[in-house]
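User: Please take a close look at one part of this model, then place that part in its surroundings. Keep it brisk, and give the cut-off behind each term.

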Amino acid sequence: MKKKKVKKQLKMTKFERFLYTLAVFLLLVSPISIVFSKATLAKVNFEVEQQKRQIEKQKKTNEGLSMTIDELASLTKIQEVAKQQGLSYNNNNIKTITEDK
């Protein structure tokens, strides 16, 4: 005669089932979240580098404009523009104003 194999069923409590489900969920979600966070970090780093390049470009533009201002405000340029406008430069008419603090 053949013996029937009797399978013992293990009864799991709700808490054990919850723990197993949680463990499987964490095993599936962890790699996905790691990849997502690294992709987000790479995107943010790229944007930071882009902003740094824009800042450097703006600094160079500002320096160039500052040099242009200094050049246009020079005494020789002022005398040249005054001469073109038919004005004369008279050093005796210039008064220096100082501010006392």
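Analyst: Start at Glu49, which is partly exposed, with a relative accessible area of 40%. Partly exposed lies between buried (under 20% relative accessible area) and exposed (over 50%), with a 1.4 Å probe and protein chains only. This is a predicted model: local features need pLDDT of at least 70, side-chain atom pairs count only at pLDDT 80 or more, and totals for chains, interfaces and linings use all residues. Residues are numbered from 1 along each chain as its sequence is written, and side-chain values use heavy atoms, with hydrogens and water left out.

The partner of Glu49 is Lys52: their side chains meet in a salt bridge, 3.8 Å from N to O. The term asks for a side-chain nitrogen of Lys or Arg within 4 Å of a carboxyl oxygen of Asp or Glu. Side chains of opposite charge can pair when their charged atoms come close. Lys52 is partly exposed too, at 47% relative accessible area. The two residues sit 3 apart in helix H1, about one turn of the helix. Helices are DSSP runs of H or I with at least four residues, strands are runs of E with at least two, and numbering goes from the N terminus.

Now the helix that carries this pair. H1 covers residues 14-72, 59 residues in total. From first C-alpha to last it reaches 83 Å, close to the 87 Å expected at 1.5 Å a residue. That expected span is 1.5 Å times one less than the number of residues. H1 is bent, by about 30 degrees at Val29. Pro31 follows within four residues. The bend is the angle between axes fitted to the seven residues ending at a position and the seven starting there.

Val29 also belongs to a nonpolar surface patch of about 860 Å². Its other members are Phe15, Phe18, Leu19, Leu22, Val24, Phe25, Leu26 and Leu28. Patch residues have over 30% relative accessible area and no salt bridge; nonpolar side chains (Val, Leu, Ile, Met, Phe, Trp, Tyr) are joined within 5 Å, like charges within 9 Å. Phe25 lies in H1 and counts as partly exposed, at 49%. Ser37 is another H1 residue, partly exposed at 40%.

Where is the other salt bridge? The structure holds 2. Glu80 and Lys77 form one of them, again at 3.8 Å, N to O. They are 3 residues apart in helix H2 (residues 75-84), so about one helical turn separates them. Glu80 is partly exposed at 40%, and Lys77 at 28%.

Finally, the whole chain. The protein has 2 helices and 0 strands. Its radius of gyration is 40 Å, where a compact globule of 101 residues would have one near 13 Å. That radius is taken over C-alpha atoms; the globule rule is 2.2 Å times the number of residues to the power 0.38. Along the principal axes, the C-alpha atoms fill a box of roughly 130 × 35 × 15 Å. Ser37 and Val81 give a sense of distance: 44 residues apart in sequence, 61 Å apart in space, C-alpha to C-alpha. Buried residues make up 1% of the 101. The exposed area is about 10900 Å², with 61% from carbon and sulfur atoms. Accessible areas come from the Shrake-Rupley method with a 1.4 Å probe; for residues, only the protein chains shown count as cover.
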